[in-house]
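Me: I am new to this structure and would like a close look at a single part of it. Could you take me through that part with care, residue by residue?

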Amino acid sequence: MQKNSLALSLARFVTHFPWLVCFLTLFIVSALTAGVAKLDFKTDYRVFFGPENPQLIAFNAIQNTYNKSDNVMFVIEPENGDIFTPEGLQIIADLTQKAWQIPYTSRVDSITNFQNTLSIEDDLVVSDLVAKPDQLNISDIETIKQIALNEPLLANRLISLKGHVSGINVTVQLPDNNALAAMEVTEKARELATSITKKHPDIKIHLTGIVMMNNAFIEAAMHDNMTLAPLMFSVVILVLWLCFRSISATLAVVVLILLSIAPALGLFGWMDNSLTLASAPAPIIILTMAVADCVHFLASMLHHLRNGLDKKAAIQDSLRINFQPMFLTSITTAIGFLSLNFSDAPPYRDLGNVVAIGVVCAFILTVTFLPAFMTLLPVRTKFTHDLGHSNFNKLAQFVIHRRKFLLVANVVIAITFSVFAGQNELNDELVKYFDETIEFRKATDFLNQNMGGIYTIELAVNSGETGGINEPKFLNEIESLSKWLRNQPEVVHVNTLTDTFKRLNKNMHGDDNNFYKLPEERNLAAQYLLTYEMSLPYGLDLNDQVNLDKSSTRIIATLREMSSIEMLELEDRIRQSLTTHYQELDVAIASPGLMFSHIGKRNIISLIGGAFLALTVISFILIAAFRSVKLGLISLIPNLAPAGIAFGVWGLINGQINLGLSIVAGMTLGIVVDDTVHFISKYERARKEGQLSSEDAVRHAFSTVGNAMWITSAVLVCGFIVLSFSHFSLNAGMGQLTALTITIALLMDLLFLPPLLMFFSKRKADMYLTEKS
């Protein structure tokens with residue numbers, strides 16, 4: 001009663017002073033929105049990992065010791081299927097030289113500038129493999145081809161085994177404080193590629209690499225905000241107009257949505273946060289969430305207007321009866337999104353926090369600004385009492401008469417599909433975070449199919465002493481480990497220092513193939529390496545393989561296209577081999593693909609804990625709000641079932657849970673509670689205030705809240721379906737599974753919750769109330 005009194009007092013205040021409320025709202029919203037200027041956008045894939053992430057720590061340690069591996073890869077595809085022609089080699093040579101124009105470039109590698117070594121008399125000659133492409137004859141080209149295809153450092157890394165595709169790898173040192181550096185690099189790389197293809201139309205150039213992936217994150221986010229957000233606004237306006245047939249009500253919702261999104265992003269900015277691709281959909285999600293409370297308020301208001309109440313009375317009564325359920329649904333929705341703070345991926349924590357802020361803003365605006373705004377707006381609606389034969393009254397009759405069947409059927413459906421949820425497996429593929437319309441995805445698929453790939457595992461091996469990489473025993477261990485890696489079915493190339501040592505040893509023995517093996521003396525190995533390094537031109541040193549004091553070396557294994565499960569299995573196999581056969585080696589293992597593989601697994605475990613805590617908190621809130629343990633527990637059944645059924649359906653039609661889908665259970669937990677709370681609230685009000693039987697209370701709930709439930713669910717489903725059109729598959733998959741969950745939740749609330757309420761009602765009290773009526 002106290003809550004109703006508070007809600008009624010608030011309703012009277014906002015309807016008596018609407019101009020004051022509107023001006024104060026706009027002032028506060030403007031102040032909060034100013035924080036948007038402090039927001040920046042982070043594009044580096046490393047944002048998915050917190051500073052305490054062990055795989056990120058290991059990867060950063062390797063990157064800080066050796067040259068960074070951030071790169072742009074130009075993949076050259078000639079129409080004639082042969083790189084080894086004067087024209088093909090000239091194009092590679094030209095592009096290799098021009099690639100130095102790309103900002104932040106520290107190294108450029110290709111088959112033309114590969115530092116080939118030869119022995120001439122007693123001298124070691126180090127020079128570009130292809131010095132003057134335009135002066136080559138057939139014999140020269142054939143020699144170059146044989147060297148390139150048989151050189152372990154080139155084959156399947158910068159030249160395909162068939163010689164039909166070649167790569168130019170540009171290593172860049174992106175600055176940490178420049179979020180748009182990846183776009184700057186990408187723009188120049190595309191400019192160079194375009195200039196080559198215009199001059200040589202028979203050549204195709206595919207652009208891939210880590211920098212291109214970072215840029216793909218940016219472009220996907222820009223696409224979502226430029227196309228999906230306007231599309232969602234259009235869908236919301238259309239759905240609201242079709243349901244309300246009121247320009248004023250539709251306009252009010254649109255204004256409230258904008259006023260909810262702006263302060264949420266602004267407040268997020270005031271807290272010195274940054275948006276990322278994973279948190280960029282926050283405005284679209286807030287847009288859909290903000291509609292829920294509006295619809296319940298406006299549906300009740302229009303219901304009262306159509307039944308003859310004047311506008312102020314209709315607004316006040318609508319706020320009175322909806323204040324508690326709107327407060328509860330906003331709190332539970334915010335708790336559901338806040339459970340994402342258990343995620344191991346910071347961007348999903350940010351997503352949960354900014355949407356939770358938006359949900360709270362939307363509630364505050366719905367109980368203050370919206371009633372005041374509707375008081376000022378003209379509202380036209382037709383007067384009618386003929387609501388008894390609405391579709392929801394018919395549905396109520398069906399549910400009441402078929403309650404036993406619906407109760408059993410829904411229990412069977414929930415249990416059956418929840419069992420199939422176990423068919424899902426956690427599986428991420430980094431490249432497939434983007435759909436096939438993204439340039440990076442198409443280029444990387446081409447690279448994976450024709451030459452090497454973008455997936456790697458890096459092993460930093462420490463000898464434990466300065467100059468230790470020259471020790472023959474250490475080199476033999478590295479060679480053995482490199483051979484073991486090459487024998488793994490997932491590995492397509494291994495970049496190892498021992499191949500350079502073997503080539504140098506051969507050169508120093510008159511290019512005799514019998515000496516293509518590791519040096520047998522430490523001093524000899526050190527001498528070879530020093531002589532070689534002194535002959536290397538700028539930008540082609542060994543810093544990507546050897547640290548400064550020559551105590552450790554890096555092995556990079558390039559892998560075929562792999563899932564996270566396969567990546568983790570390979571890592572386990574490597575660690576087991578190291579433990580069994582290479583106990584004396586100090587090895588650190590890391591790579592971007594490995595980082596994403598681990599975080600997916602940890603993320604879902606963490607989020608299960610978060611969802612369980614959110615469920616516990618929501619349970620206590622509902623029990624306290626309804627003042628009934630029974631009603632609180634009943635409300636949980638139709639709220640847990642949708643996630644179980646949705647994941648079961650997903651297990652049957654897809655079966656793959658990636659990083660984006662792992663957040664759906666916790667996120668939707670708070671969303672699907674909304675309709676349940678509103679239905680139970682109207683049901684209990686009819687039972688207590690109207691002294692109705694459980695059957696009549698169900699009829700009352702259907703007639704008063706059924707339409708609003710349908711509208712809010714339709715808007716939510718449409719919103720997340722729109723998100724499923726994102727080119728970023730993590731967001732797209734999240735949108736699809738969330739839309740499915742909300743659809744199932746609506747069906748549960750309409751067809752399962754009412755039979756549950758009637759089943760658990762006290763039969764004697766129902767009989768008494770029926771006789772009394």
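Reply: In this predicted model, a good place to begin is L24, which counts as partly exposed because its relative accessibility is 46%, a value between the limits of under 20% for buried and over 50% for exposed. L24 is found in helix α2, which covers residues 18-33, and together with F13, F17 and L20 this leucine makes a nonpolar surface patch of about 380 Å².

From that patch we can turn to another helix, α17, which runs over residues 497-507 and holds R503. R503 has a relative accessibility of 6% and therefore counts as buried, since buried means under 20% relative accessible area. The side chain of R503 reaches the backbone oxygen of Q115 at 3.5 Å, and Q115 is also one of the residues that R503 touches. Leaving aside residues up to four places away in sequence, the other residues touched by R503 are F114, N116, T117, E151, L153, Y516 and Y532.

Helix α17 also contains K502, and this lysine is buried because its relative accessible area is 11%, which again falls under the 20% limit. Residues up to four places away in sequence are once more left out when its contacts are listed, and K502 then touches E479, F515, Y516, K517 and L518. Y516 appears in this list for K502, and Y516 is also among the residues that R503 touches, so that both residues of helix α17 described here have a contact with Y516.

Conventions: Residues numbered from 1 in each chain as written. Predicted model: local features only at pLDDT ≥ 70, side-chain atom pairs only at ≥ 80, totals over all residues. Heavy atoms only, no water. Patch = residues over 30% accessible without salt bridge, like charges linked within 9 Å, V, L, I, M, F, W, Y side chains within 5 Å. Areas by Shrake-Rupley, 256 points an atom, 1.4 Å probe, with all protein chains shown as cover. Salt bridge = Lys/Arg side-chain N within 4 Å of Asp/Glu carboxyl O. Helix = DSSP H or I, 4+ residues; strand = E, 2+ residues; numbered from the N terminus. Buried < 20%, exposed > 50% of the residue type's maximum accessible area, 1.4 Å probe, protein only. Polar contact = N/O pair within 3.5 Å; in protein donor to acceptor, adjacent residues only side chain to side chain. Contact = heavy atoms within 4.5 Å.
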